[in-house]
Amino acid sequence: MARVDRLRAYPIKGLDGIDLERAEFVAGGTLAFDREFALVDASGDVINGKRTPRVHDLETEFEPERETLSVETDGGDRRRFDLETEREAAEDWFGDVFDLELTLERDRSLGFVDRREMGPSVISTATLETVAGWFDGLTVESVRRRMRANVEIGGVEPFWEDRFVGSGAPSFVAGDVRFDGVTPCGRCVVPKRDPDTGEALPEFQRRFVEKRRETFPEWADGDAFDHYYTLMLIADVPEQYRDHGLEVGDSVEIVEK
């Protein structure tokens with residue numbers, strides 16, 4: 001049976017995610033806590049994995065109820081910040097780590113997602129397993145952390161999420177929440193890097209594109225994909241569904257729009 005297998009939010013853009021048993025939606029249609037904070041330099045540019053592999057040297061944990069961030073560098077420097085009362089101290093510490101003047105910005109209504117007009121990202125567990133099999137030694141959890149999806153669907157076939165874009169594409173309902181597909185997610189430099197070390201996997205993009213082309217589903221609308229370096233669905237949760245919560249274990253059903 002198709003079901004929600006995992007919910008994951010990324011409280012600080014570019015840094016580690018947290019698993020949730022239940023997720024709410026904010027007013028803008030994204031998952032609560034997802035990219036709620038972002039490190040921003042003096043020019044207004046965000047610090048993330050696209051910009052610097054230095055983010056992979058940080059290990060973070062976030063406690064949503066207490067709004068507490070624990071962070072450790074690869075050199076063993078450990079810190080803990082209450083982001084409600086100690087955000088300025090956190091800014092100073094991160095500034096030293098990245099050798100930049102920066103601020104820790106917060107957006108409770110939408111978060112600092114890349115696609116501001118869209119909502120959660122969706123992928124199937126089978127997709128992650130398939131991609132892991134394309135590369136020697138790559139684990140499913142490593143692929144999961146490289147792709148950074150919010151909603152993971154179990155009990156379905158690989159690339160299940162590809163069916164929700166293109167001409168006449170259906171939607172799906174998870175629990176009481178409807179998801180409309182918006183666009184496939186074109187990937188950047190981040191997936192080729194080890195999420196712990198930042199080390200790039202040689203020939204990652206070339207092999208990924210080759211295998212994606214070979215395994216592209218016959219039932220997917222190829223015209224909806226600009227290229228084969230895509231993985232994951234970016235969806236929209238219509239406004240009338242945003243006051244419903246989503247839980248791990250919720251059943252999933254494909255529906256017509």
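Me: What is the volume of the largest cavity?

Reply: It is about 60 Å³. The model is predicted.

Me: What makes this space a cavity and not a pocket?

Reply: A cavity is a set of points where a 1.4 Å probe fits but cannot get out, whereas a pocket is an open set. The structure holds three cavities of 30 Å³ or more.

Me: Which residues line the largest cavity?

Reply: The lining is Arg6, Arg8, Tyr10, Ile123, Leu128, Val143, Arg144, Met147, Arg148, Ala149, Asn150 and Glu152. Strand E1 (3-9) and helix H3 (140-147) each supply at least two of these residues. H3 gives the largest share, three residues.

Me: How do you know how the lining of the largest cavity divides by class?

Reply: Sort the names. Arg and Glu count as charged, and the lining includes Arg6, Arg8, Arg144, Arg148 and Glu152. Asn is not on the nonpolar or charged lists, so Asn150 counts as polar. Tyr, Ile, Leu, Val, Met and Ala count as nonpolar. The result is six nonpolar, one polar and five charged.

Me: What about the second largest cavity: what is its volume, and which residues line it?

Reply: Its volume is about 40 Å³. Pro11, Ile12, Leu15, Asp16, Ile18, Thr60, Glu61, Phe62 and Leu69 line it. Strand E5 (residues 58-63) gives the most, three residues.

Me: Which residue of that lining is called polar, and why?

Reply: Thr60. Thr is on neither the nonpolar nor the charged list, so Thr60 counts as polar. Asp and Glu count as charged, so Asp16 and Glu61 fall there. The lining divides into six nonpolar, one polar and two charged.

Me: What is known of the largest pocket?

Reply: About 970 Å³ of space lies in it. Its lining has 50 residues, and Tyr10, Leu15, Arg35, Arg145 and Arg148 lie nearest its centre. E5 gives the most, with five residues. By class there are 17 nonpolar, twelve polar and 21 charged residues.

Me: Why is Asp41 called buried?

Reply: Buried means under 20% relative accessible area. Asp41 has 10%, so it counts as buried. Asp41 is found in strand E4 (residues 37-41).

Me: What is Asp41 in contact with, beyond its neighbours within four places in sequence?

Reply: Ile47, Arg51, Glu101 and Leu102. Each is called a contact because heavy atoms lie within 4.5 Å.

Me: How do you know that strands E9 and E13 pair?

Reply: Pairing needs at least two bridges. Two bridges join E9 (residues 121-124) to E13, so the requirement is met. These strands run antiparallel. Ser121 has Ile234 in E13 as its bridge partner.

Me: What makes E12 and E13 a pair?

Reply: Five bridges, in the antiparallel sense, set against the required two, so they pair. Asp180 is partnered with Asp236 in E13. E13 (residues 230-236) is mostly covered, with six of its seven residues buried.

Me: How do you know whether the span of helix H4 is close to the expected value or not?

Reply: The expected span is 1.5 Å times one less than the number of residues. For H4 (residues 204-215), with twelve residues, 16 Å is expected. From first C-alpha to last, H4 reaches 16 Å, close to that value.

Me: Which residues of H4 are buried, and what do they pack against?

Reply: Phe204, Phe208, Val209, Lys211 and Arg212 are the buried ones. They pack against helix H2 (125-132), H3 and E13. An α-helix has 3.6 residues a turn, so residues three or four places apart point the same way.

Notes: Residues are numbered from 1 along each chain as its sequence is written. This is a predicted model: local features need pLDDT of at least 70, side-chain atom pairs count only at pLDDT 80 or more; totals for chains, interfaces and linings use all residues. Side-chain values use heavy atoms; hydrogens and water are left out. Helices (H or I, at least four residues) and strands (E, at least two) are DSSP runs, numbered from the N terminus. Buried means under 20% relative accessible area, exposed over 50%, partly exposed in between (1.4 Å probe, protein chains only). On a 1 Å grid over the protein atoms alone, a cavity is a set of points where a 1.4 Å probe fits but cannot get out, and a pocket is an open set with protein on both sides within 12 Å along at least five of seven lines; lining residues have an atom within 4 Å of a point. Grid points are joined across faces, edges and corners, and a volume is the space filled by probe spheres set on the points.
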